[in-house]
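Me: Could you take a close look at one part of this structure for me, namely the charged side chains and what they sit against? I'd like one connected walk-through rather than a list.

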Amino acid sequence: MGKILKSKSSWPRTVVRKWLNLRSGAYEFHSDYPVKGKMEPTQSRRKSCSDGDYYKIMPAKFPGLLGQGNGDLKQSTGEQHVTRVDDKLDLKMFVGTWNVGGKSPHDGLDLKDWLQSPADADIYVLGFQEIVPLNAGNVLGAEDNGPVAKWLSLIREALNNNNHNLSQNDLQLSKNYRTSFELTKSSQQPRLSFSNISDDNPVSCNSTTPQGYSLAASKQMVGIFLCVWVRDDLRKHITNLKVSCVGRGIMGYLGNKGSISISMSVHETSLCFVCTHLTSGEKEGDEVRRNLDVTEILKRTRFSRSSKDSRPETIMDHDKVIWLGDLNYRLRASSDVHEQLNNNDWEALLEKDQLKIEQRAGRVFQGWEEGRIYFAPTYKYLINSDNYVAQTEKSKEKRRTPAWCDRILWKGDGMKQIWYTRGESRFSDHRPVQSLFSVHIDLTLNQSNRKTKPNNQNHRPNPVLPYTCHGKVQAEEILLLTRAQSCIDTQPRLISCVS
């Protein structure tokens, strides 16, 4: 599949926009879902954040994403795992995270090892890190969205048990991910969004597959990618889809590290999924930088809403939150680490786990939960091998102490973790991690009995940079332009290859 590259002349503008954190299309996302409403025959897609309302992704009240009534879930033979008693609904949610080391998937890559679980899930939340190499071209320039289309096609195939090649929908996605025009408030003309895809390539909603899954939302920021898939018979109850990105990489703002968050409602229960790739490194004190990443992500993540909207605006406003990704917390240095590793003494090794130490001390993730870990450290492996780099690498500088970098945490009532384990794919230097949750949905909730939080009139819905940073940005903008142009004419410099 050919790549669509921006011309060299557009690179400086792209770099400056990233430096200024003016994230063109940052609130746009791709979805299979169409919209019900007054639309012309050619407008068969769901409107995006850029179509009509600059800040709002989807209407707060939606009669049905597929043009169906808001009735009960269809009681088909494939729904035995959905438990409904009176006004309560228990859904199964699969959550998976995988740092794929900048490698694009090959056609025959089997995802069944990663996506298998003790029970079929109603919702799949899948997060990736390093979906593209973290080099200068990808970090400073236009994003390479080719691997995204391949991963989406493989996931679609694995979830729906079909044997199709790269779908036309995902091929079109790879092209349209690149096309985004900034909405100017003066003209109020909508920019081309991922929803305005030509009807020559209609989006597949798997309507012929009663027990199939469709893509509710997906979003990429450099190497971080998050997608949410929902059973077709549940998706009419999915509303209020929104995304928010926070860069925590170079200078604390670029997207080689950071987070993608997806917000949505199931009936009237709000869910938030946060996929992160935090600061790397195993030197003493690096865990403090990771703690700061978490703090900044919680502070800077904002979901667009109107002044009268009581829908969640921040991560912690949601009823239930899942935090997944390569959190990069390592093991504290100790002389007996390798002995405990060879003895598979995970309990003793976890006593040295930085995340657990920092959490117990109240410095990060206070009040969050994580399941018991009964599996081996997920990082760092030799590619296509079951051996850790630490077991074979003689150079102390390149040796990485094995660690549980890849984690899944949650916060909120009515969530129970059923299963927490890792996959065994040798595709990258990380092993994938997966979990299955039982999620309680209260059908009695509605917007009228929710407490509306006071709205801060001085709040900026789409913050760019703190005011104190503006002078610094203006002073360095010209220097950045010069460096960006020189980057084009030379071999891309590796920004970060450490997971």
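Reply: Let's start with glutamate 268, which counts as buried at 14% relative accessibility. Keep in mind that this is a predicted model. Arginine 311 counts as buried too, at 2% relative accessibility. The side chains of glutamate 268 and arginine 311 meet in a salt bridge, with 3.5 Å from N to O. Glutamate 268 is in the loop between strand 7 (258–266) and strand 8 (269–277), while arginine 311 is in the loop between helix 6 (286–300) and strand 9, so the pair ties together parts that are 43 residues apart in sequence. As for the chemistry, side chains of opposite charge can pair when their charged atoms come close.

Now for the helix just mentioned. Helix 6 has 15 residues, which should span 21 Å at 1.5 Å a residue, and its end C-alpha atoms are indeed 21 Å apart. Charged residues turn up among its buried positions, including Asp286, Glu287, Arg290, Asp293, Glu296 and Arg300. Val294 and Ile297 are on the buried list as well. Against what do these residues pack? The buried residues of helix 6 pack against strand 6 (238–247), strand 7, strand 8, strand 9 and helix 9.

Another pair to look at is arginine 305 with glutamate 313, whose side chains form a salt bridge at 3.3 Å, N to O. Arginine 305 is buried, with a relative accessible area of 13%, and glutamate 313 is buried with a relative accessible area of 13%.

Next comes glutamate 370, which forms a salt bridge with arginine 407, the closest N and O atoms being 2.7 Å apart. Glutamate 370 lies in the loop between helix 9 (354–360) and helix 10 (389–392) and arginine 407 lies in strand 10, so this bridge ties together parts that are 37 residues apart in sequence. Glutamate 370 and arginine 407 are buried.

Arginine 407 also takes part in the strand pairing: it is the bridge partner of glycine 325. Strand 9 (residues 320–326) and strand 10 run antiparallel, joined by six bridges. Strand 10 itself (residues 406–411) is mostly covered, with five of its six residues buried.

For the wider charge picture, a search of the whole structure finds 21 salt bridges. Some residues link up beyond simple pairs: Asp386, Arg422, Glu424, Arg426 and Arg431 are linked in a network of salt bridges.

One uncharged neighbour of strand 10 deserves a stop. Serine 435, in strand 12 (residues 433–442), is in contact with Ile408, along with residues that include Met93, Phe94, Val95 and Trp419, leaving aside its neighbours within four places in sequence. A polar atom of the serine 435 side chain lies 2.7 Å from the backbone oxygen of tryptophan 419. At 0% relative accessibility, serine 435 counts as buried.

What about covalent cross-links, then? With a disulfide taken as two cysteine sulfur atoms within 2.5 Å, the count comes to zero. Take cysteine 227: its sulfur is 9.1 Å from the closest cysteine sulfur, in cysteine 275, and that is too far for a bond. Cysteine 227 counts as buried at 0% relative accessibility. Cysteine 405 is buried as well, with a relative accessible area of 0%.

Conventions
Residues are numbered from 1 along each chain as its sequence is written. This is a predicted model: local features need pLDDT of at least 70, side-chain atom pairs count only at pLDDT 80 or more; totals for chains, interfaces and linings use all residues. Side-chain values use heavy atoms; hydrogens and water are left out. Buried means under 20% relative accessible area, exposed over 50%, partly exposed in between (1.4 Å probe, protein chains only). Helices (H or I, at least four residues) and strands (E, at least two) are DSSP runs, numbered from the N terminus. Two strands pair if DSSP finds at least two bridges between them. A salt bridge is a side-chain nitrogen of Lys or Arg within 4 Å of a carboxyl oxygen of Asp or Glu. The expected span of a helix is 1.5 Å times one less than its number of residues. Contact means heavy atoms within 4.5 Å. A polar contact is a pair of N or O atoms within 3.5 Å; within protein, one must be able to donate a hydrogen and the other to accept it, and residues adjacent in sequence count only if both atoms are side-chain atoms.
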